Amino acid sequence: MTEAAKAWLNGQPVTPARAAAAAASLLAASRSAVVAGLGTDVAGARASVALAQAIGGSIDHMDADAVLANLEVLRRSGWIVTTPLQTRARADLVLLAGDGLVEAWPDMAERLALGEAPTVTGGSRRVVHLCPGTSPGGAAGHDGRGGGDFQTVATGQPILPTLAALRAIASGRNTSLDDAAAAPLRDLAATLAAARFGVAVWSSATLDTLAIEMLCGLIDDLNRKTRFAGLPLAPANGAEAVAQALAWTTGFPPRTGFASSAPRHDPWRFDAQRLIGCGEADAAVWISAFSPKPPDWDNAVPTIALVPSGTVFRTPPNVVFEVGRPGGDHEAMLFDPALGGIAFAAASAPSAAASVAATLAAITAALPPC
Amino acid sequence: MLTRLTGGRIVDPANGRDGIGDLWLRDGRIVTAPDGARAEETHDVTGCIVMAGGIDIHTHVAGTNVNTARLLLPELRAATAAESVPITETIGRLYAAMGYTMVVEPAISPHVAPQAHLELADIPLIDTAILAVLGNDDYLLRLMDANEGESAIADYAARVLSGSRAIGIKAINPGAAAAFKSNVRSFGLDDAVPNSEITSRAIINTLQAATETLGLPHPLHLHCSNLGMPGNADTALATMEAAGDARLHIAHLQFYAYGKEGPRGFSSAAPLLAEAVNAKRNITADIGQVMFGQTVTISSDVLRQFNARGSARPRKSVIIDGDGNGGGIVPYRYRKTDFFNAVQWAAGLELFLLINDPWRVFFTTDHPNGAPFTAYPDLLALLMDRSVRAKQMETLPKEAMEVTTLASITREYTLPEIAIMTRAAPARLLGLADRGHLGAGARADVAVYRTQADIAAMFRDAALVLKDGVPIIRDGVPVARSFGRAVTVRPEFDAAINRGLSGFYEKIYGVSHLAFDVPAAEALGRSQAFEAVPCRT
């Protein structure tokens with residue numbers, strides 16, 4: 001860690017080395033610790049795994065619910081998906097499913113060129129927003145920026161029953177809807193079937209597993225006759241790159257424990273919030289390098305926080321490290337929604353602020369030998 | 001430091017050596033026996049076989065498709081050892097335990113090269129490299145459609161190799177992934193990408209030409225069309241013809257070794273293909289042997305994988321309409337009782353045994369598509385001992401064995417032939433002058449196997465493995481935790497290609513083409529810089 005790194009122990013400023021030593025002894029004394037939050041880059045994810053393995057703890061991400069909403073569908077039945085670049089290049093129909101899309105990806109409409117013709121295949125592009133404004137607290141999402149052929153389809157129902165009815169109609173099956181309610185879905189089903197390369201966009205921060213599964217099932221059905229693919233938008237706080245890095249280093253996404261010889265993955269058991277709430281965990285490392293966010297559990301267990309400057313805690317954690325923003329204060333490997341993959345991000349405003357990876361490595365190095 | 005391995009049988013066919021003797025190493029390199037010098041470290045390897053470290057030219061160990069397979073199949077328990085999608089740590093340990101010191105991940109679409117290199121950086125103990133996939137990418141198709149000349153395409157290929165830090169070019173069912181996006185459901189050698197006149201054949205020839213123009217050490221590495229289909233031996237033969245006199249490497253040839261004979265309309269056509277490979281000195285092939293058990297097929301042949309979804313076991317799959325190739329992940333179980341699987345198993349062995357030049361046939365299971373790489377020791381036993389083959393054949397459906405010639409083949413691979421196929425030839429095919437052999441100046445990547453009757457046991461747990469002269473494995477167990485190098489080519493190109501790419505990417509994709517470049521080693525978490533293999537001049 002650099003000299004400029006800032007750290008606090010029990011509210012008092014200390015050297016980073018002193019803070020790392022204190023964090024290490026706190027973790028060494030714990031029986032079951034969680035490494036949580038995990039708002040970090042690939043290097044930070046690697047260092048989180050190394051620390052969790054060293055202390056026999058478990059690992060979770062603050063947006064794991066959104067990660068797992070998609071993965072539950074993936075590992076139950078699989079899916080057909082595409083990339084943002086192919087959507088922009090080829091999609092003659094874009095189906096925006098539900099809310100939270102612009103929140104998940106503010107540049108979506110511009111990056112996908114929703115108001116323009118497909119850039120490779122030409123012709124025209126239609127955009128249909130299904131069930132806008134039907135999620136609890138959900139915003140309308142796409143606002144039709146950039147013009148183009150844009151319409152909304154609403155049934156007055158939430159997204160899940162609407163998708164269920166749409167899938168049934170698209171497959172020529174009956175629904176319990178009356179004619180008036182079914183009419184817009186019948187039109188939409190015809191539009192979907194007429195697409196040459198359709199793409200359905202969703203955010204798993206808003207759609208739940210059942211809705212995603214229904215949507216992916218619809219995509220699957222459409223591929224009997226035409227081409228259609230999904231475009232899941234990445235969850236927040238670096239979750240996509242972290243989940244990928246955890247997969248290649250541990251074999252599993254977040255919510256994995258390292259107490260036994262082989263890692264164990266269990267979305268319920270290793271939910272950090274649950275572990276702390278019910279007293280199964282007795283110490284926590286909280287990592288949030290992208291936003292000044294304190295952990296939801298306040299200070300229910302002794303906590304070591306790695307956060308940006310300006311983070312406000314109700315109760316100060318035992319140890320606080322100020323860390324830089326990946327891709328801001330320091331270079332990083334991050335998931336880029338516009339590229340649809342992990343890429344190098346140079347530091348946009350380089351500073352001496354410590355990285356999560358370096359801070360965690362210092363804590364791990366300070367652990368007593370086991 | 002001066003190290004001596006003493007008393008072992010040194011099998012080093014690249015240098016014409018096969019006999020008991022000493023091997024001397026100094027500072028990570030093989031050296032000639034120094035006069036009167038005393039070794040600071042001596043390993044008594046009496047009763048052992050000493051070979052150069054193994055090199056796997058085709059194994060799917062990294063990248064977004066492999067990682068999606070990990071996420072798709074938690075029930076295969078990716079974190080444990082003998083499975084089809086092991087984690088990075090396990091990949092390095094298990095390969096090193098078998099005496100391998102370098103592996104090549106052969107199917108990385110340039111846009112996802114950064115993740116692939118991050119994964120490779122986490123594989124301990126061994127060296128790694130990737131092949132960059134071209135042939136379904138919008139920019140190449142645009143260049144071909146505009147009849148841009150050979151040099152423009154070579155510049156583009158060189159720019160891709162440089163940006164993705166790859167060691168060579170791979171084409172995977174060229175044209176088919178692009179066509180599939182236009183709802184084409186089958187695509188052969190002479191089919192054209194919709195709205196163009198660009199055929200698979202033309203893409204293959206174009207990329208062969210770019211490979212030669214750039215002087216890449218590795219020939220175009222090709223995954224042909226019609227993989228897995230009855231009668232597809234015709235496709236493989238036609239592809240070999242299409243290659244002309246230029247070099248061509250055909251990947252996992254076993255998956256194209258099928259005829260339509262017999263009561264089930266499915267038979268081995270391996271003898272035909274072996275004969276063709278024997279006759280064409282410009283062709284090399286790896287086999288992609290099938291072994292029985294649960295695995296997962298991970299392929300950038302998105303069209304083939306889409307069509308194979310019905311065979312998924314367990315019943316789930318992922319299809320990705322990606323940039324360029326994309327891919328598909330379909331779990332699969334090869335069963336001994338299955339007629340088709342048994343024919344596939346036999347066809348692979350026939351190819352190994354009927355291709356007579358070990359310098360042109362390469363030892364792969366197309367991990368994990370034919371079998372996990374952990375099946376290698378058992379496969380070596382099948383090749384080196386015909387009684388092991390006979391015993392296995394007895395357990396397989398008789399009607400399957402009747403549509404192959406395997407039972408009639410008596411050949412057994414010798415240790416020098418194994419050393420060629422798994423060491424010397426891969427190094428030569430990749431242009432790695434200082435690997436694959438034990439002559440003075442070579443990297444001190446050395447595998448020592450304890451001679452025993454059980455060939456599989458001998459090759460599963462090497463008695464000793466040295467990487468750059470340092471012991472990393474003893475009796476199959478890691479004794480060091482080091483990280484190898486990633487190896488690339490750096491062909492020269494006219495920087496003007498960046499202008500064309502920049503304009504295309506900004507307009508078509510709305511992003512900079514530079515954004516996909518793999519950063520320097522340090523940003524990937526690598527302790528050692530990339531190693532460059534020279535191009536041929």
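The exercises below, each with a worked solution, concern the domains, sheets and chain contact of a predicted two-chain model.

In this predicted model local features need pLDDT of at least 70 and side-chain atom pairs count only at pLDDT 80 or more, while totals for chains, interfaces and linings use all residues. Residues are numbered from 1 along each chain as its sequence is written, and chains are lettered from A, with ligands numbered from 1, in the order in which they are written.

**Exercise 1. Describe the contact between chain B and chain A.**

Step one is to count residues, where two residues are in contact if their C-beta atoms, placed from the backbone, lie within 7 Å: chain B gives 39 residues and chain A gives 48 residues. Step two is to name the elements of chain B that give two or more residues to this side, namely helix H1 (64-72), helix H3 (113-121), strand E16 (317-321) and helix H17 (497-509); helices (H or I, at least four residues) and strands (E, at least two) are DSSP runs, numbered from the N terminus. Step three is to look at strand pairing, which requires that DSSP finds at least two bridges between two strands: strand E5 (residues 78-82) of chain A and E16(B) are paired in the parallel sense over five bridges, with Thr82(A) opposite Asp321(B).

**Exercise 2. Work out the strand order of the nine-stranded sheet in chain A, and find its edges.**

The sheet is open, its pairing is mixed, and its order is E2-E1-E15-E14-E13-E3-E4-E11-E12. Strand E2 (12-14) and strand E12 (264-265) of chain A each have a single partner strand, so one side of each has no neighbour in the sheet. Within the order, strand E14 (residues 303-307) and strand E15 (residues 319-322) of chain A pair in the parallel sense over four bridges, and Val307(A) stands opposite Glu322(A).

**Exercise 3. Find how chain A is divided into domains, and how domain 1 and domain 2 are in contact.**

By an automatic or database domain assignment, domain 1 of chain A takes 6-63 + 237-366 and domain 2 takes 68-233. Their centres, taken over C-alpha atoms, are separated by 34 Å. Five residues of domain 1 of chain A are in contact with nine residues of domain 2 of chain A.

**Exercise 4. Give the order and pairing of the eight-stranded sheet in chain B.**

This open sheet has parallel pairing and runs E6-E7-E8-E9-E10-E11-E14-E18. Inside the sheet, strand E11 (residues 248-250) and strand E14 (residues 283-286) of chain B pair over three bridges, His249(B) having Thr284(B) as its bridge partner.
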